[in-house]
Amino acid sequence: MKIEISLKVKSTFVNKFKSGYPLITKEAIIKLNDLEEGAIVKLVDDQNRFIAKGYYGKQNKGYGWVLTRNELDQLDQRFFTDKIRVAIDYRKLFFQDKETTAFRVFNGEGDGIGGLTIDYFNGYYLLNWYSKGIYHFREYIINSLKELVEFKGIYQKKRFDEKGKYIEEDDFVAGERGQFPMIVKENGVNFAIYLNESAMVGVFLDQRDVRRTIRDKYANGKNVLNTFSYTGAFSVFAALGGATKTTSVDLANRSRSKTIEQFGINGIDYEAQDIIVEDVFNYFKYAVKKERKFDMVILDPPSFARSKKFTFSAEKDYKNLLKEAIAITEKNGTIVASTNCSSFGMDKFKGFIDAAFKESGEKYKLLEEFSLPTDFKTSKEFSEGNYLKVVFIKKQ
Ligand code: SAH
């Protein structure tokens, strides 16, 4: 049995952990010495009474995660296998769906183990380790997969260098190596996936329901602008939904070939679409100057980004981003406003939307909204984990 190190919880935080809050933060602990990554920690109150048990692992979000509130639980092979088994059962319908072969199998604290996610790509499993601490338990986790599922191969992303960034190396772990691009499906649409290239594999799985909604309900006959477009996933769905034209704008050079590839594997002529490698904020200026307007504008910026001319922070700058979009959206057009920023919630996001329209002197109607899809299971005690907010807005 591993030694458990007691951490005394400040009295104001005791009830929070007792009611299921999973993240171990610096503020909550009386004295948090630098522990060894992967150390098993026991949270106790000032009388040394047991509250919860977890592991130490420094990541941008905190210093580790609670894994159980049962003192008798051992954090052993069986513990991890049980958690992963429950998570796999929860995604049963996804495993059966022939039209969607890429989804999340394990979503960190939402499935009971913060700091770890597992995604499925057509027989391959991709592990994301968010701290050295959780990486310490890798054998348990990989053994669990070996026991519970049939896989072609396993890949991993270590997201724990000094700044919590991805460590570039060979990401292959077990089984057989994949051939990349690997083609996976999402609601019948193809995606080209690269599991051994960088931290980003080609698609953000959490936007699945939004992509389908754009294709099935909004795109037909529309001239669509997709900003921060990455591999153009929203553009592909819009084109398949009958958009007259899509324009994809992203700063990164790689986005052009990646977007051409995504159109190509879905039988769409990319030459009939616009793919622009440029700073979105420059593009907005250009569009205003050319009096170019769109029926649909999709906004999906990163929470933080620094380009040559601009720094963008969702919390500070989303309102202005919306104002730029409002200016080039046709009357009765749709704006799809998305953010993955976990530092504010839906109410505040809707506040940005309201302020942007008011300051632009325009009226709007909220059409529908989305948060994470069901495979991205969240914990109700940890609302920060439910980071995705997407709102469909009609400019009136
Ligand atoms: N909407 C995409 C995901 C966006 S990821 C999808 O659904 O797949 C964020 C993207 O924003 C990255 O590809 C990054 O290159 C791009 N980006 C960041 N800052 C930018 C800027 N100022 N202008 C244009 N693109 C930017």
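The legends below describe close-up views of a predicted model.

**View 1. Three domains of the protein chain.**
The chain is divided into domain 1 (4–68), domain 2 (77–193) and domain 3 (205–395). Domain 2 and domain 3 have centres 27 Å apart, taken over C-alpha atoms. Contacts link 21 residues of domain 2 with 21 residues of domain 3.

**View 2. The largest nonpolar core.**
This core holds 52 residues. Phe17, Leu43, Ile118 and Ile141 have the most contacts inside it. Helix 2 (residues 77–90) is the element that gives the most to this core, with 5 residues. Domain 1 (4–68) and domain 2 (77–193) both contribute residues, so the core lies between them. Apart from this core lies another, of 38 residues. Among the residues of that other core are Phe191, Val201, Phe263 and Leu372.

**View 3. Surroundings of Ile141 in the largest core.**
Ile141 is one of the residues with the most contacts inside the core. Neighbours within four places in sequence are left aside here. Beyond them, Ile141 is in contact with Phe80, Ile84, Leu116, Ile118, Leu127, Trp129 and Ile134. One of these partners, Ile118, is also listed among the residues with the most contacts inside the core.

**View 4. The ligand and the residues around it.**
There are 15 residues around the ligand. Phe228, Asp250, Leu251, Val280 and Asp300 come nearest. A polar backbone atom of Leu251 is 3.1 Å from a nitrogen atom of the ligand. Side chains also take part. Asp279 places a polar side-chain atom 3.2 Å from a nitrogen atom of the ligand. For Arg254, a polar side-chain atom lies 3.4 Å from an oxygen atom of the ligand. The ligand taken alone exposes 580 Å², and the protein buries 91% of that.

**View 5. Thr259 in helix 8.**
Helix 8 spans residues 254–264 and includes Thr259. Thr259 has a relative accessible area of 0%, so it is buried. Its side chain reaches the backbone oxygen of Tyr230 at 3.3 Å. Leaving aside neighbours within four places in sequence, Thr259 is in contact with Tyr230, Thr231, Gly232, Ser248 and Ile275. Ser248 is 11 residues from Thr259 in sequence. In space, the C-alpha atoms of Thr259 and Ser248 are 8.3 Å apart.

**View 6. Thr247 in strand 13.**
Strand 13 runs over residues 245–250 and contains Thr247. Thr247 is buried because its relative accessibility is 2%, under the 20% limit. Residues up to four places away in sequence are not counted among its contacts here. Thr247 touches Val224, Leu225, Asn226, Asp274, Ile276, Tyr283 and Phe294.

**View 7. Ala337 in strand 18.**
Ala337 sits in strand 18, which covers residues 329–339. With a relative accessibility of 0%, Ala337 counts as buried. Its contacts, not counting residues up to four places away in sequence, are Leu299, Tyr318, Leu322, Phe349, Lys389, Val390, Val391 and Ile393. Lys348 is 11 residues from Ala337 in sequence. The C-alpha atoms of Ala337 and Lys348 are 13 Å apart in space.

Definitions and conventions: Residues numbered from 1 in each chain as written. Predicted model: local features only at pLDDT ≥ 70, side-chain atom pairs only at ≥ 80, totals over all residues. Heavy atoms only, no water. Core = buried A, V, L, I, M, F, W, Y, C linked by side-chain atoms within 4.5 Å. Buried < 20%, exposed > 50% of the residue type's maximum accessible area, 1.4 Å probe, protein only. Helix = DSSP H or I, 4+ residues; strand = E, 2+ residues; numbered from the N terminus. Domains from an automatic or database assignment. Contact = heavy atoms within 4.5 Å. Near = heavy atom within 4 Å. Polar contact = N/O pair within 3.5 Å; in protein donor to acceptor, adjacent residues only side chain to side chain. Areas by Shrake-Rupley, 256 points an atom, 1.4 Å probe, with all protein chains shown as cover.
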